[in-house]
Amino acid sequence: MSKEQPAFTTYQNYINGEWVSSRSGEVYENFNPADTRQSIGRFQDSTSEDINLAVAAAKEAFEKWRLVPAPRRAEILFKAAQIIVDRKEEYAREMTREMGKVLKETRGDVQEAIDMAYFIGGEGRRLYGQTTPAELPNKFAMSVRQPVGLCGLITPWNFPMAIPSWKIMPALVCGNTCVIKPAESTPVSAINLVKVLHEAGLPKGVVNLVTGDGPKAGEPLVKHKNVRLISFTGSVEVGRIVSQAAAPDFKHCHMEMGGKNVIIVLDDANIDLAVEGAVWGGFGTTGQRCTAASRVVLHKKVYKEFLEKFVARARALRVGNGLDESVEMGPSANESQMNTVLRYIEIGKNEDKATLLTGGERLTEGDLKYGYFTQPTIFGDVDPNMRVAQEEIFGPVVSLIPCDSLEQAVEIGNNVQYGLSAAIYTQDVNKAFAAMRDMYTGIFYVNSSTIGAEVHLPFGGTKNTGNGHREAGTAALDLFSEWKSVYVDYSGKLQKAQIDEWKGTE
Ligand code: NAD
């Protein structure tokens, strides 16, 4: 055991304030998705034994942490924020190496952790409840937030520091302790975040991190009897398993899952602006955002103009290693994700019989052959019921769907199993507001792409994207705390609500 994360490339679990190896001693290795000749490091291949230790540490730490005044808990987050500011570039580079997205975007990912720390740290001095009149005399009523207890946090690979920060930081400010199991392919960024919290003075056991595979390390966390809350971000398929595993113990269960987000472009739209939005929404983060714009529904009058400009922009995108500042799109984050992208391209070409307008191939020129690169791909004349227009691909593949009216566009937009984000490009304020009202999604943009959430607003989606909760914003407090209603009777006698009649003030 050592107090510090070792400088060599075997990363350890963080349990009870110490960096430790898995009980089995097993490790696994990750490689740079832009160049698989480069090792990122070895990570603990943990099992239920490691989860049990982490949960025990978090359980013990909870009894003290819940009593630390919330403004003092928040001070640790402010310190952490400052440390991350100082290391933003270093952490962004490490993230690009482990996950592939371009530097501009990994800087944004790290920035989200900074923003969340400052925003939710501020809540440490609020955590407002309500005071309210009681219906009986000489009685006082209020509601206060209490921590839920021990939180199990399970995160995906596409926002390797931002998403862990969205879960850990509000959990802490509300007085919970936690165990995080980050995505197996991107643990370095979560480890960096936890390292920072350690340096900022977080007491031992309050946050614990265990790396490893989903079924082996994630599932025991979800099923552990002492875990009271599960916050999961990932795919619908795994979300269903997690939600069922959490159900028998009635754990609080927060699920954020996939998306099939839409940009609607009406005939009065600024087409150049809409094209920029579609490029950013479709190919930013190589299409691997839950809010990615994988569908563009276009009014027939502007279909051709948009298509020509969009295809030209997609063809001109520079694809390569995200560490090169001039590169605009990196690789898929791992081999299986790239294979999914290539499989859906085949489905689009053969089963769906959509028109392939550009892209469609893996890129293998020069050093690109060592990474998981595919061309930015656009399908035209897509029927809204085709698989490429219905299923989450999570890659740089965009479907263009023609339509005749705003009403039809909204119907197409809503007709998917997901409901995360939607956008409309129009100059008509009436149409913009109608679409805002009628799109059943958790996030909506006017004259902007489907991506670009800010940490102080609620984040999440409807239908199969989520189970009704929201993270970020003050909504995060509702996730990570429970209400307690408190009645203080200072009348000195038994008073019965709903039963005693009001007899005046004699
Ligand atoms: P995934 O579902 O494969 O994995 C997510 C996490 O669950 C990982 O940490 C994984 O190890 C773990 N896991 C896997 N099996 C498990 C099990 N049986 N029990 C417990 N944990 C298990 O998702 P991914 O491939 O890492 O991420 C991509 C998905 O995440 C996409 O569907 C994307 O839309 C979604 N996502 C959603 C949001 C959102 O906020 N809505 C944000 C980012 C990503």
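A polar contact here is a pair of N or O atoms within 3.5 Å. Keep that cut-off in mind as we look at how the ligand is held in this predicted model.

Let's start with the contacts themselves. The table lists three of them, each with the ligand atom, its protein partner and the distance.

| Ligand atom | Protein partner | Distance |
|---|---|---|
| oxygen | Gly214, polar backbone atom | 3.4 Å |
| nitrogen | Met257, polar backbone atom | 2.6 Å |
| oxygen | Glu392, N or O atom in the side chain | 2.6 Å |

Taken on its own, the ligand has 850 Å² of accessible area, and the protein covers 91% of that. As for where you'll find the ligand, look in the largest pocket.

Now for the residues around it. There are 29 of them, and the ones that come nearest are Lys181, Glu184, Ser235, Met257 and Glu392. Two of these names, Met257 and Glu392, have already turned up in the table. Sorted by character, the shell splits into 16 nonpolar, 8 polar and 5 charged residues.

Where do these residues come from? Helix H7 (214–223), strand E10 (229–233) and helix H8 (236–246) each chip in at least two. H7 gives the most, with 4 residues. Gly214, from the table, is the residue at which H7 begins.

Zooming out to domains, the shell draws on both domain 1 (13–257 + 466–485) and domain 2 (262–446), taking at least three residues from each.

Technical notes: Residues are numbered from 1 along each chain as its sequence is written. This is a predicted model: local features need pLDDT of at least 70, side-chain atom pairs count only at pLDDT 80 or more; totals for chains, interfaces and linings use all residues. Side-chain values use heavy atoms; hydrogens and water are left out. A residue is near a molecule or strand if one of its heavy atoms lies within 4 Å of it. A polar contact is a pair of N or O atoms within 3.5 Å; within protein, one must be able to donate a hydrogen and the other to accept it, and residues adjacent in sequence count only if both atoms are side-chain atoms. Accessible areas come from the Shrake-Rupley method with a 1.4 Å probe; for residues, only the protein chains shown count as cover. On a 1 Å grid over the protein atoms alone, a cavity is a set of points where a 1.4 Å probe fits but cannot get out, and a pocket is an open set with protein on both sides within 12 Å along at least five of seven lines; lining residues have an atom within 4 Å of a point. A molecule sits in a cavity or pocket if more than half of its atoms lie within 2 Å of its grid points. Ala, Val, Leu, Ile, Met, Phe, Trp, Tyr, Cys and Pro count as nonpolar, Asp, Glu, Lys and Arg as charged, and the others, Gly among them, as polar. Domain bounds come from an automatic or database domain assignment.
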